[in-house]
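Subject: Structure for your files

Hello,

Here is the structure I said I would pass on. Please have it open while you read the notes underneath.

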Amino acid sequence: MMGASLAHALRHHAHFSGEIIAVVRSDRSAAALREKGLADTILVDVDPTTLAQYNPDFVVLGTPVLSLVEMLPLLRLDCPVTDMGSTRLAIERAARGTTLRFAGSHPMCGSENSGPEALVPDLFVNRLCIIINGIEEAVVDRDADLLDSIETFWKELGMHTFRLDATTHDRIVAGLSHGPHFLSSALAMTYLSDPLLLAKNEESPCAITGGGLRDMLRIAGSNPVMWRDILATNQRPIVDFLKSFRNELDTLIQNAERSDTDWVLTYQGRAHEVRDRIYGNARMGNGSSANLIPATHEASSSLVVGSENAKPRILSLDGPAGSGKSTVAGIIARRLGCLHADSGAIYRSLTYACMQLLGEQASPEEFGRVFLEQTPDPHGFALRVDYDNGKQLHYLNEEELGLKIRTPSVTARIRYIADHAQYRNRVNELLRELGAKTALIVDGRDIGTVVFPDTPFKFYLDAAVRTRAERRRKELIESGMEAPSLEELEKQIADRDEQDRNRKIGALQIPPGAILIDTSNIDRDMVVSGILAHLQEQF
Ligand SMILES: Nc1ncnc2c1ncn2[C@@H]1O[C@H](COP(=O)(O)OP(=O)(O)O)[C@@H](O)[C@H]1O
Ligand SMILES: Nc1ccn([C@H]2C[C@H](O)[C@@H](COP(=O)(O)OP(=O)(O)O)O2)c(=O)n1
């Protein structure tokens, strides 16, 4: 999963045009990579000592930890070599006796899924990568240039980086990552000791659980081989963490057995504080340090419908400019009591923000670079998306942008932003985080294909170019903006259709399974009732 996601991220990186050589173990993985066009050369089950003959410039090893430990001493390579292993001491010790230019990495974005089919297009964006600078605490024993080149590699993929020695790394991740995985498995196993719980749950038409248990069990089914290796190579810190958890559990049980239950208020309050220290507002979710759309995009509480336990509901509305998506999405959101997320407006606000920063003459490449330069925010510009009374609002340095994002000069430059994977990933992440919290009607170009491909509620609106130009002209006149001639608008819309349909990533397409509605000759109320009729109250 991680290797394929890495190949995908490189393939779609705006500035990477190199050759990708993938080394895989099975024909099945090779076929999946080939089908997705993710590598120029695919080598199946080759002897690692022969890799030098391909003259790689950079090597990332992505096998489970124990096979890394076996493989490292066999490699004969001159280029920088790194890996993606999640325990470090064993790997760093295996590398120490070699002549390799090796410094380890731990991109903290693994998941319970494995195999190339499970690839995640924006896996690395805004996640943390720990770069290993030595074995012992406070002793940096790696070459500075090597560390810089490995750090730059991950940063180019949108990661945040942090340097640590292997010993400290292993102790910290035992508590913050490995320990919780084993606890999730232990929680799952607890249900075996009381079969009634499982049996009654299975008899019930829906699971007798809320979202809380699902969150806690999500990681219980992770790849067993990977966890065997992690335990084998980080045993002591993991066992220490599990023991301190057992002590905490004993304290909890003792308190729960006492008749005075007021302690629970203090206990829960303190637990909440600890949770905030780990995932506190500034660090929650999308790694807001890039400050381009920081993490404060949560919906106002009055708008959040459904509870933590409700199944997330997403309705995607894709289509070309002027087909009526945002109008219809807004009406349906109000009718169904959920949020309307206007993805095009988010691209517009990003475009506007970059224009303010760079000036109108800036080239597409300069626009593309702003995102990467934002860490750690040298420009001090903060873009925030928020919702108030059902309206999506865009704030640049706390100024609400209103119609400024809808001017022709912004529209003409949106592609400078929308063509870049970094920006797309950021917008997609924001939408998915929102969708995990509340029911959404989302309109855009790639919502049913890329952002929420699994939603069963997909619609695609279209209309003749002329009709769309007429609508846009009327809209511009009504909002007091300068309106070009109909012919000029028709040309602009056709040009944008062309850009939107031919974008390398996130292109406008009819999503598989989407219901098509041609709005040329029907008014917005008919479009709305057509969509609601299709939903048949299932949404
Ligand atoms: N079915 C429709 N019939 C007529 N006009 C419509 C229809 N749907 C939307 N409009 C109008 O067309 C314009 C563009 O619609 P909009 O929702 O902004 O499109 P999109 O979000 O797809 O770009 C708006 O002024 C809107 O009021
Ligand atoms: N999901 C999306 C939404 C919009 N975009 C880009 C492409 C679109 O031409 C622009 C503007 O989108 P917007 O929905 O505001 O477009 P119109 O209101 O229809 O003009 O943003 C995108 O690339 N992906």
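The notes below cover the protein overall, then one strand, then the ligand site.

Please keep in mind that this is a predicted model.

Overall: the protein has 539 residues, of which 36% are buried. Its secondary structure comes to 20 helices and 16 strands. Counting contacts between residues at least 6 apart in sequence, 71% link residues at least 24 apart.

Strand β10: this strand covers residues 339-342. Its side chains alternate, with L339 and A341 pointing one way and H340 and D342 the other. Both pairs are buried, so neither direction leads to an exposed position within this strand. The pairing partner is β14, residues 440-444, and the two strands run in the parallel sense with four bridges between them. Within that pairing, H340 has I441 of β14 as its bridge partner.

Ligand 1: the shell around this ligand holds 16 residues, and the closest are G324, K325, S326, T327 and R471. Three elements give two or more residues each to that shell: α12 (325-336), α18 (465-478) and α20 (524-535). Of these, α12 contributes the most, with three residues. As for residue type, the shell contains seven polar, six charged and three nonpolar residues.

If you look at two places, I suggest the pairing of β10 with β14 and the shell around ligand 1.

Regards

Technical notes. Residues are numbered from 1 along each chain as its sequence is written. Chains are lettered from A and ligands numbered from 1 in the order in which they are written. This is a predicted model: local features need pLDDT of at least 70, side-chain atom pairs count only at pLDDT 80 or more; totals for chains, interfaces and linings use all residues. A residue is buried if 20 or more other C-beta atoms lie within 10 Å of its own, exposed if 12 or fewer, and partly exposed in between; C-beta atoms are placed from the backbone. Two strands pair if DSSP finds at least two bridges between them. Two residues are in contact if their C-beta atoms, placed from the backbone, lie within 7 Å. A residue is near a molecule or strand if its C-beta atom, placed from the backbone, lies within 6 Å of it. Ala, Val, Leu, Ile, Met, Phe, Trp, Tyr, Cys and Pro count as nonpolar, Asp, Glu, Lys and Arg as charged, and the others, Gly among them, as polar.
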